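The following report describes selected features of one protein chain. Please consult the sequence and the structure shown below while reading.

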Amino acid sequence: METKKFKTNAKCRGCVAQIAESLDKILPREQWDIDLNSADKILSVTSDQSDAVIIKAVSDAGFKAEKID
């Protein structure tokens, strides 16, 4: 499995909770994390899920995610 990083527009723990409802449907909770202390609110995902599936899950929660290298 590879670790992917995405820039998000999450702002607080409440935002993370909303995103969690969506991401937890496709990934075990221990496979992802959002760093609210980073300027870009980085979502790190360790999974074989496609970028599109991860971005859609975040989008379905009402937030944006953009893949970064």
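## Surroundings of Val45

Val45 touches Glu2, Thr3, Lys4, Phe6, Leu27, Gln31, Trp32 and Ile54, leaving aside residues up to four places away in sequence. These contacts, like every other value in this report, come from a predicted model. Val45 is placed in strand 3, which spans residues 42-47.

The relative accessible area of Val45 is 0%. Val45 therefore counts as buried, because the cut-off for that class is under 20%. Along the chain, Val45 and Val58 are 13 residues apart, and 12 Å separates their C-alpha atoms.

## The buried side of helix 2

Helix 2 comprises residues 51-60, and its buried residues are Ile54, Ala57 and Val58. These residues lie on the same side of helix 2, because the arc that they cover around the axis is only 95°. The general geometry of an α-helix is relevant here: with 3.6 residues a turn, residues three or four places apart point the same way.

The cover over the buried residues of helix 2 includes strand 1 (2-8), helix 1, strand 3 and strand 4 (65-68). One of the buried residues, Ile54, is also among the contacts of Val45. On the face of helix 2 turned away from the buried side, the exposed residues are Ala52 and Asp60.

## Ser22 in helix 1

Ser22 belongs to helix 1, which runs over residues 13-23. With a relative accessibility of 12%, Ser22 counts as buried. Its contacts, again without residues up to four places away in sequence, are Ala57, Val58, Asp60 and Ala61.

Two of these partners, Ala57 and Val58, are buried residues of helix 2. Another partner, Asp60, is exposed and sits on the face of helix 2 turned away from its buried side.

## Aromatic rings

Which residue lies over the face of Trp32? Arg29 does, at 3.8 Å from the ring centre. Trp32 is also one of the residues that Val45 touches. As for pairing between aromatic rings, the count comes to 0 pairs, with ring centres within 6.5 Å as the criterion.

## Backbone positions with positive phi

Lys41 has a positive phi of about 50°, although Lys41 is not a glycine. This residue is placed in the loop between strand 2 (32-35) and strand 3 (42-47).

A positive phi is also found at Gly62, with a value of about 95°. Gly62 comes just after helix 2.

Technical notes. Residues are numbered from 1 along each chain as its sequence is written. This is a predicted model: local features need pLDDT of at least 70, side-chain atom pairs count only at pLDDT 80 or more; totals for chains, interfaces and linings use all residues. Side-chain values use heavy atoms; hydrogens and water are left out. Helices (H or I, at least four residues) and strands (E, at least two) are DSSP runs, numbered from the N terminus. Buried means under 20% relative accessible area, exposed over 50%, partly exposed in between (1.4 Å probe, protein chains only). Contact means heavy atoms within 4.5 Å. Rings of Phe, Tyr and Trp (its six-membered ring) pair if their centres lie within 6.5 Å; planes under 30 degrees apart count as stacked, over 60 as edge-to-face and the rest as tilted. A charge sits over a ring if NZ of Lys or CZ of Arg is within 6 Å of the ring centre and within 35 degrees of the ring normal. The arc is that of the directions from the helix axis to the C-beta atoms.
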